Amino acid sequence: MADPATQSPFVSSSFSSGQAQPQVGGCGGAGSASCAAHDLLFWRDVRKSGVVFGLSLLLLLSLAALSAISVVAHFALALLSVTISLRVYKAVVQAVQKSEEGHPFRTYLEMDVTLTPETFQAHAAAVALHLNRALRFLLRLFLVEDLVDSLKLAMAMWLLTYVGAVFNGITLLILAELLAFTLPPLYEKYKVQIDHYVGIARRQTKDLVAKIQAKLPGLAKKKPE
(Lines give C-alpha, C1' and ligand atoms only; values in the text may rest on other atoms or scores of the structure.)
Protein backbone atom coordinates (compact mmCIF):
# COMPACT_ATOMS: atom_id res chain seq x y z
CA MET A 1 0.00 0.00 0.00
CA ALA A 2 1.24 3.48 -0.88
CA ASP A 3 2.63 5.71 1.83
CA PRO A 4 -0.06 8.19 2.94
CA ALA A 5 2.49 10.96 2.64
CA THR A 6 2.61 10.47 -1.08
CA GLN A 7 -1.13 10.42 -1.58
CA SER A 8 -3.09 13.44 -2.75
CA PRO A 9 -5.30 15.13 -0.14
CA PHE A 10 -8.05 15.22 -2.75
CA VAL A 11 -8.22 11.39 -2.69
CA SER A 12 -10.45 9.75 -0.11
CA SER A 13 -8.72 7.54 2.42
CA SER A 14 -11.33 4.86 1.77
CA PHE A 15 -9.84 4.16 -1.68
CA SER A 16 -7.74 1.06 -1.81
CA SER A 17 -4.28 0.97 -3.34
CA GLY A 18 -5.55 -1.22 -6.18
CA GLN A 19 -7.86 1.48 -7.48
CA ALA A 20 -6.79 4.09 -9.99
CA GLN A 21 -5.80 7.37 -8.40
CA PRO A 22 -6.58 10.70 -10.09
CA GLN A 23 -3.64 12.56 -11.51
CA VAL A 24 -3.04 16.22 -10.76
CA GLY A 25 -1.64 16.97 -14.18
CA GLY A 26 -4.48 15.43 -16.18
CA CYS A 27 -8.04 14.13 -16.14
CA GLY A 28 -7.03 10.54 -15.38
CA GLY A 29 -9.37 9.03 -17.96
CA ALA A 30 -12.46 10.87 -16.71
CA GLY A 31 -15.28 12.08 -18.93
CA SER A 32 -15.21 15.23 -21.02
CA ALA A 33 -17.21 17.18 -18.43
CA SER A 34 -14.76 16.23 -15.66
CA CYS A 35 -11.83 17.14 -17.90
CA ALA A 36 -13.38 20.53 -18.69
CA ALA A 37 -13.94 21.28 -14.99
CA HIS A 38 -10.40 20.10 -14.19
CA ASP A 39 -8.91 22.39 -16.83
CA LEU A 40 -10.96 25.35 -15.58
CA LEU A 41 -9.95 24.93 -11.95
CA PHE A 42 -6.28 24.39 -12.79
CA TRP A 43 -6.25 27.41 -15.17
CA ARG A 44 -5.05 25.44 -18.19
CA ASP A 45 -6.60 28.13 -20.40
CA VAL A 46 -6.13 31.39 -18.49
CA ARG A 47 -8.61 33.35 -20.60
CA LYS A 48 -11.40 30.76 -20.32
CA SER A 49 -10.85 30.22 -16.59
CA GLY A 50 -10.74 33.97 -16.01
CA VAL A 51 -14.03 34.50 -17.85
CA VAL A 52 -15.79 31.68 -15.98
CA PHE A 53 -14.37 32.80 -12.64
CA GLY A 54 -15.25 36.46 -13.22
CA LEU A 55 -18.80 35.85 -14.44
CA SER A 56 -19.64 33.33 -11.73
CA LEU A 57 -18.19 35.58 -9.05
CA LEU A 58 -20.15 38.54 -10.43
CA LEU A 59 -23.31 36.43 -10.35
CA LEU A 60 -22.75 35.40 -6.74
CA LEU A 61 -21.95 38.96 -5.66
CA SER A 62 -25.10 40.15 -7.42
CA LEU A 63 -27.18 37.51 -5.63
CA ALA A 64 -25.66 38.66 -2.34
CA ALA A 65 -26.81 42.23 -2.95
CA LEU A 66 -30.04 41.73 -4.92
CA SER A 67 -32.87 39.24 -5.16
CA ALA A 68 -32.67 36.37 -7.64
CA ILE A 69 -35.43 37.90 -9.79
CA SER A 70 -33.57 41.22 -9.99
CA VAL A 71 -30.31 39.49 -10.91
CA VAL A 72 -31.96 37.48 -13.70
CA ALA A 73 -33.75 40.58 -15.00
CA HIS A 74 -30.58 42.71 -15.00
CA PHE A 75 -28.52 40.02 -16.74
CA ALA A 76 -31.25 39.54 -19.35
CA LEU A 77 -31.46 43.30 -19.95
CA ALA A 78 -27.68 43.55 -20.30
CA LEU A 79 -27.61 40.70 -22.83
CA LEU A 80 -30.54 42.14 -24.78
CA SER A 81 -28.90 45.57 -24.82
CA VAL A 82 -25.81 44.10 -26.47
CA THR A 83 -27.65 41.91 -29.00
CA ILE A 84 -30.24 44.54 -29.98
CA SER A 85 -27.57 47.24 -30.37
CA LEU A 86 -25.47 44.98 -32.58
CA ARG A 87 -28.54 43.95 -34.61
CA VAL A 88 -29.54 47.59 -35.22
CA TYR A 89 -25.96 48.60 -35.99
CA LYS A 90 -25.57 45.86 -38.57
CA ALA A 91 -28.93 46.75 -40.13
CA VAL A 92 -27.90 50.41 -40.47
CA VAL A 93 -24.50 49.50 -41.94
CA GLN A 94 -26.13 47.15 -44.46
CA ALA A 95 -28.65 49.85 -45.45
CA VAL A 96 -25.92 52.45 -45.96
CA GLN A 97 -23.49 50.20 -47.79
CA LYS A 98 -26.22 48.37 -49.75
CA SER A 99 -24.71 45.06 -48.64
CA GLU A 100 -26.36 41.69 -48.05
CA GLU A 101 -24.43 40.35 -45.07
CA GLY A 102 -27.57 38.99 -43.45
CA HIS A 103 -28.38 38.55 -39.80
CA PRO A 104 -25.33 39.05 -37.50
CA PHE A 105 -26.35 36.06 -35.39
CA ARG A 106 -27.30 33.77 -38.26
CA THR A 107 -24.63 31.22 -37.34
CA TYR A 108 -25.93 30.91 -33.80
CA LEU A 109 -29.58 30.87 -34.87
CA GLU A 110 -28.87 27.89 -37.16
CA MET A 111 -27.09 25.91 -34.46
CA ASP A 112 -28.71 22.61 -33.52
CA VAL A 113 -29.55 22.87 -29.82
CA THR A 114 -32.04 20.00 -29.82
CA LEU A 115 -31.76 17.67 -26.84
CA THR A 116 -32.19 14.16 -28.19
CA PRO A 117 -33.90 11.48 -26.07
CA GLU A 118 -30.66 9.48 -26.03
CA THR A 119 -28.69 12.41 -24.66
CA PHE A 120 -31.35 13.15 -22.07
CA GLN A 121 -31.48 9.52 -20.95
CA ALA A 122 -27.67 9.36 -20.69
CA HIS A 123 -27.56 12.44 -18.47
CA ALA A 124 -30.53 11.22 -16.43
CA ALA A 125 -28.81 7.87 -15.88
CA ALA A 126 -25.61 9.59 -14.72
CA VAL A 127 -27.56 11.82 -12.31
CA ALA A 128 -29.50 8.82 -10.99
CA LEU A 129 -26.25 6.92 -10.39
CA HIS A 130 -24.73 9.74 -8.33
CA LEU A 131 -28.03 10.32 -6.51
CA ASN A 132 -28.29 6.65 -5.52
CA ARG A 133 -24.72 6.66 -4.23
CA ALA A 134 -25.38 9.82 -2.21
CA LEU A 135 -28.59 8.39 -0.73
CA ARG A 136 -26.85 5.15 0.20
CA PHE A 137 -23.99 7.09 1.79
CA LEU A 138 -26.38 9.26 3.84
CA LEU A 139 -28.32 6.16 4.88
CA ARG A 140 -25.10 4.60 6.20
CA LEU A 141 -24.25 7.73 8.16
CA PHE A 142 -27.63 8.52 9.71
CA LEU A 143 -28.49 4.90 10.54
CA VAL A 144 -25.03 4.45 12.14
CA GLU A 145 -23.69 1.57 10.07
CA ASP A 146 -20.27 2.68 11.30
CA LEU A 147 -20.27 4.58 14.58
CA VAL A 148 -16.99 6.39 13.92
CA ASP A 149 -18.19 7.77 10.57
CA SER A 150 -21.49 8.88 12.11
CA LEU A 151 -19.64 10.63 14.94
CA LYS A 152 -17.49 12.40 12.35
CA LEU A 153 -20.66 13.63 10.63
CA ALA A 154 -22.10 14.78 13.95
CA MET A 155 -18.92 16.72 14.71
CA ALA A 156 -18.96 18.31 11.23
CA MET A 157 -22.62 19.33 11.62
CA TRP A 158 -21.88 20.78 15.05
CA LEU A 159 -19.08 22.90 13.59
CA LEU A 160 -21.38 23.99 10.76
CA THR A 161 -23.85 25.41 13.29
CA TYR A 162 -21.17 27.94 14.22
CA VAL A 163 -20.28 28.58 10.58
CA GLY A 164 -23.95 29.16 9.76
CA ALA A 165 -24.21 31.69 12.58
CA VAL A 166 -21.48 33.79 10.95
CA PHE A 167 -21.97 33.25 7.20
CA ASN A 168 -25.04 32.89 5.02
CA GLY A 169 -25.35 30.55 2.03
CA ILE A 170 -24.28 33.08 -0.62
CA THR A 171 -21.20 34.06 1.37
CA LEU A 172 -20.20 30.41 1.70
CA LEU A 173 -20.67 29.93 -2.05
CA ILE A 174 -18.44 32.94 -2.75
CA LEU A 175 -15.76 31.58 -0.42
CA ALA A 176 -16.10 28.13 -2.00
CA GLU A 177 -15.59 29.56 -5.49
CA LEU A 178 -12.56 31.56 -4.39
CA LEU A 179 -11.04 28.44 -2.86
CA ALA A 180 -11.96 26.29 -5.88
CA PHE A 181 -10.10 28.58 -8.27
CA THR A 182 -7.09 29.26 -6.02
CA LEU A 183 -6.32 26.04 -4.12
CA PRO A 184 -5.83 23.66 -7.11
CA PRO A 185 -3.06 25.78 -8.72
CA LEU A 186 -1.40 26.25 -5.34
CA TYR A 187 -1.58 22.51 -4.64
CA GLU A 188 -0.12 21.74 -8.05
CA LYS A 189 2.77 24.11 -7.35
CA TYR A 190 3.50 22.93 -3.79
CA LYS A 191 2.30 19.32 -4.11
CA VAL A 192 5.29 17.68 -2.38
CA GLN A 193 5.20 19.90 0.71
CA ILE A 194 1.40 19.73 1.04
CA ASP A 195 1.30 15.94 0.64
CA HIS A 196 4.01 15.58 3.28
CA TYR A 197 2.10 17.49 5.96
CA VAL A 198 -1.26 16.00 4.96
CA GLY A 199 0.27 12.54 5.23
CA ILE A 200 1.49 13.30 8.75
CA ALA A 201 -1.94 14.58 9.78
CA ARG A 202 -3.66 11.53 8.28
CA ARG A 203 -1.35 9.11 10.05
CA GLN A 204 -1.91 10.86 13.39
CA THR A 205 -5.67 10.86 12.86
CA LYS A 206 -5.61 7.19 11.90
CA ASP A 207 -3.61 6.33 15.04
CA LEU A 208 -6.01 8.31 17.22
CA VAL A 209 -9.06 6.57 15.74
CA ALA A 210 -7.36 3.19 16.18
CA LYS A 211 -6.70 3.92 19.87
CA ILE A 212 -10.33 4.98 20.40
CA GLN A 213 -11.60 1.86 18.66
CA ALA A 214 -9.31 -0.32 20.77
CA LYS A 215 -10.57 1.16 24.05
CA LEU A 216 -14.28 1.28 23.19
CA PRO A 217 -15.86 -2.07 22.26
CA GLY A 218 -18.12 -2.15 19.25
CA LEU A 219 -16.39 0.70 17.40
CA ALA A 220 -13.93 -1.40 15.45
CA LYS A 221 -14.87 -1.92 11.82
CA LYS A 222 -15.52 -5.50 10.80
CA LYS A 223 -12.88 -6.79 8.41
CA PRO A 224 -14.27 -8.42 5.25
CA GLU A 225 -13.79 -12.17 5.17
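## Helices α2 and α3

In this predicted model, the axes of α2 and helix α3, which covers residues 68–97, come within 8 Å and cross at roughly 135°. An angle of that kind falls between the ranges for perpendicular and antiparallel packing, the first ending at 115 degrees and the second holding over 145, and α2 and α3 are therefore oblique to each other. The crossing in which α2 passes α3 is right-handed.

The residues that bring these two helices together can be listed from either side: α2 contributes L58, L59, S62 and L63, and these meet A68, V71 and F75 in α3.

## The chain as a whole

The chain has eight helices and zero strands, and its elements, read from the N terminus on, run α-α-α-α-α-α-α-α. Of the 225 residues in the chain, 14% are buried. When contacts with a separation of 6 or more are considered, 52% of those in the chain are accounted for by residues 24 or more positions apart.

## Helices α2 and α7

The packing of α2 with α7 has an angle of about 165°, and the axes of the two helices are 9 Å apart. Because angles over 145 degrees count as roughly antiparallel, this value makes α2 roughly antiparallel to α7. In this case α2 passes its partner α7 in a left-handed crossing, whereas the crossing of α2 with α3 is right-handed.

On the α2 side the meeting residues are S49, V52, F53, S56, L57, L60, L61, L63 and A64, and on the α7 side they are I170, L173, I174, E177, L178 and F181. One of the α7 residues, I174, is in contact with L57, L60, L61 and A64 once its neighbours within four places in sequence are left aside. L63 of α2 appears in this set of residues facing α7, and L63 is also listed among the α2 residues that meet α3.

## The largest nonpolar core

Five residues in all make up the largest nonpolar core, namely F53, L57, L60, I174 and F181. The elements that give two or more residues to this core are α2 and α7, and the largest share, three residues, comes from α2. As a general background, nonpolar side chains in soluble globular proteins tend to be buried together.

## Aromatic pairs around F53 and F181

With ring centres required to lie within 6.5 Å of each other, the count comes to four aromatic pairs. In one of them, the rings of F53 and F181 have their centres 5.0 Å apart and their planes at 50°, so the pair is tilted. This pair links distant parts of the chain, since F53 belongs to helix α2 (residues 46–65) and F181 to helix α7 (residues 169–189), with their positions 128 residues apart.

Both partners, F53 and F181, are buried, and both are members of the largest nonpolar core described above. Together with W43, the residues F53 and F181 form one aromatic cluster.

## S49 and W43

S49 lies in helix α2 and is buried, with a relative accessible area of 0%. Not counting residues up to four places away in sequence, S49 touches D39, L40, W43, R44 and F181, so that two members of the aromatic cluster, W43 and F181, are found among the contacts of S49.

W43 itself is placed in the loop between α1 (32–41) and α2. At 27% relative accessibility W43 counts as partly exposed, whereas F53 and F181, its companions in the cluster, are buried. The phi of W43 is near 55°, which is a positive value in a residue other than glycine.

## V144, a second residue with positive phi

V144 is a further residue, again other than glycine, with a positive phi, and the value is near 55°. The loop that holds V144 is the one between α5 (117–142) and α6 (147–166). With a relative accessible area of 42%, V144 is partly exposed.

Conventions
Residues are numbered from 1 along each chain as its sequence is written. This is a predicted model: local features need pLDDT of at least 70, side-chain atom pairs count only at pLDDT 80 or more; totals for chains, interfaces and linings use all residues. Side-chain values use heavy atoms; hydrogens and water are left out. Rings of Phe, Tyr and Trp (its six-membered ring) pair if their centres lie within 6.5 Å; planes under 30 degrees apart count as stacked, over 60 as edge-to-face and the rest as tilted. Helices (H or I, at least four residues) and strands (E, at least two) are DSSP runs, numbered from the N terminus. Buried means under 20% relative accessible area, exposed over 50%, partly exposed in between (1.4 Å probe, protein chains only). Contact means heavy atoms within 4.5 Å. A nonpolar core is a set of buried Ala, Val, Leu, Ile, Met, Phe, Trp, Tyr and Cys residues joined through side-chain atoms within 4.5 Å. Axes are lines fitted to C-alpha atoms, for helices over the stretch in contact, and angles run from 0 to 180 degrees between N-to-C directions. Angles under 35 degrees count as roughly parallel, over 145 as roughly antiparallel, 65 to 115 as roughly perpendicular and the rest as oblique. A crossing is left-handed if the near helix is turned anticlockwise from the far one by less than a right angle, and right-handed if clockwise.
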